[in-house]
Amino acid sequence: MKEPSRQVRWERRTQTPLLVLAMAFAVAYAVPIVAPDAGEDVHRACTHAEWVVWGAFAVDYVVRLGIAGDRKVFVRTHWLDLAAVVLPLVQPLRLLRLVATLMLVGRRARMAPQIRLTTYVAGAVVGLLMFGSLAVLSVERDAPDGNIKNLGDAVWWSFTTMTTVGYGDHSPTTGLGRVLAVGLMLSGIALLGVVTANIAAWFIARFERDDQVERLQLAAVRELQAEVRALRAEVARLADGGPAGLQGAPAPRETTSPTP
């Protein structure tokens, strides 16, 4: 059995810690937005936590780049990992690193394709709802004409935007908020397409599996029919040739015992 490469072993060991750090980054990002009146120590601790997580992902990328066989190929094929590191820590784009991190952690997971796709979709929906809600709240809360003032309004707006319903009771008024809305709408349409394609693929695979079973059963029935026809022909041949054979056969020779 071929031994895994150093890069594969490293990724297996760091998969769970990276996911935990991604969750910690999400909490550190969300707390100052959800609780803006929290103490200065809380805001400072969240900022430090964000930098620590960023440093951990930077170290992980540098280590994997160092142990990669072809570094150019690694950079070209792991652009999402690089985006999770170089994405700037500025409002409101820094939570994009969380989305990228969840995607790369999911890509490393050893799961079946169908389960992996479902995990991607579910994780993307939750991540985008969280990202959209927190990002638009941080932008629109202090806007003069803004109508998204709390987390509940932000979550409702994100949900209606992702599903392209758009009731219009809450909407961004700033330029950056509208850019976030466009990105959320496009992401929602893309996720809806993925879900639809996944369901269609499942039905197609199910029908193909049932059709294959039906073809195998039909082939077995035809084979049995051919064997039955062959047995009938053999029985008919023996029945027709049996008496004729007996009539044309020589009579048995009588033997006499010698007289004393």
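This text goes through salt bridges and aromatic pairs in a predicted model.

The structure contains four salt bridges. Three residues, E40, D41 and R44, are joined in a network of such bridges. Within this network, R44 is bridged to E40, with 3.0 Å between the closest N and O atoms. R44 also pairs with D41, where the closest N and O atoms are 2.9 Å apart.

The positions of these residues in sequence account for the geometry. Helix α2 spans residues 40-67, and R44 and E40 are four residues apart in this helix, so about one helical turn separates them. D41 and R44 are three residues apart in helix α2, which again means a separation of about one helical turn.

As for solvent accessibility, E40 has a relative accessibility of 60% and counts as exposed. D41 is likewise exposed, at a relative accessible area of 58%. R44, which takes part in both bridges, is partly exposed, with a relative accessible area of 37%.

Another salt bridge in helix α2 links D60 and R64. Their closest N and O atoms are 3.1 Å apart, and the two residues are four positions apart in the helix, about one turn. Here the surroundings are buried on both sides of the bridge: D60 has a relative accessible area of 5%, and R64 has a relative accessibility of 1%. Both values fall in the buried class because that class covers relative accessible areas under 20%.

The aromatic rings come next. Searching the whole structure gives three aromatic pairs. One of them is formed by Y61 and F74, whose ring centres are 5.6 Å apart; the planes are at 45 degrees, so this pair is tilted. Y61 belongs to helix α2 and F74 to helix α3 (residues 71-77), so the contact ties together parts that lie 13 residues apart in sequence. Both Y61 and F74 are buried.

W156 and Y167 form another aromatic pair, with 5.7 Å from centre to centre and 5 degrees between the planes, and this pair is stacked. W156 sits in helix α7 (residues 151-162), while Y167 is in the loop between α7 and α8 (175-247), so the pair ties together parts eleven residues apart in sequence. W156 is partly exposed, with a relative accessible area of 37%. Its partner Y167 is exposed, at 59% relative accessible area.

Technical notes. Residues numbered from 1 in each chain as written. Predicted model: local features only at pLDDT ≥ 70, side-chain atom pairs only at ≥ 80, totals over all residues. Heavy atoms only, no water. Salt bridge = Lys/Arg side-chain N within 4 Å of Asp/Glu carboxyl O. Buried < 20%, exposed > 50% of the residue type's maximum accessible area, 1.4 Å probe, protein only. Phe/Tyr/Trp six-rings, centres within 6.5 Å; stacked < 30°, edge-to-face > 60°.
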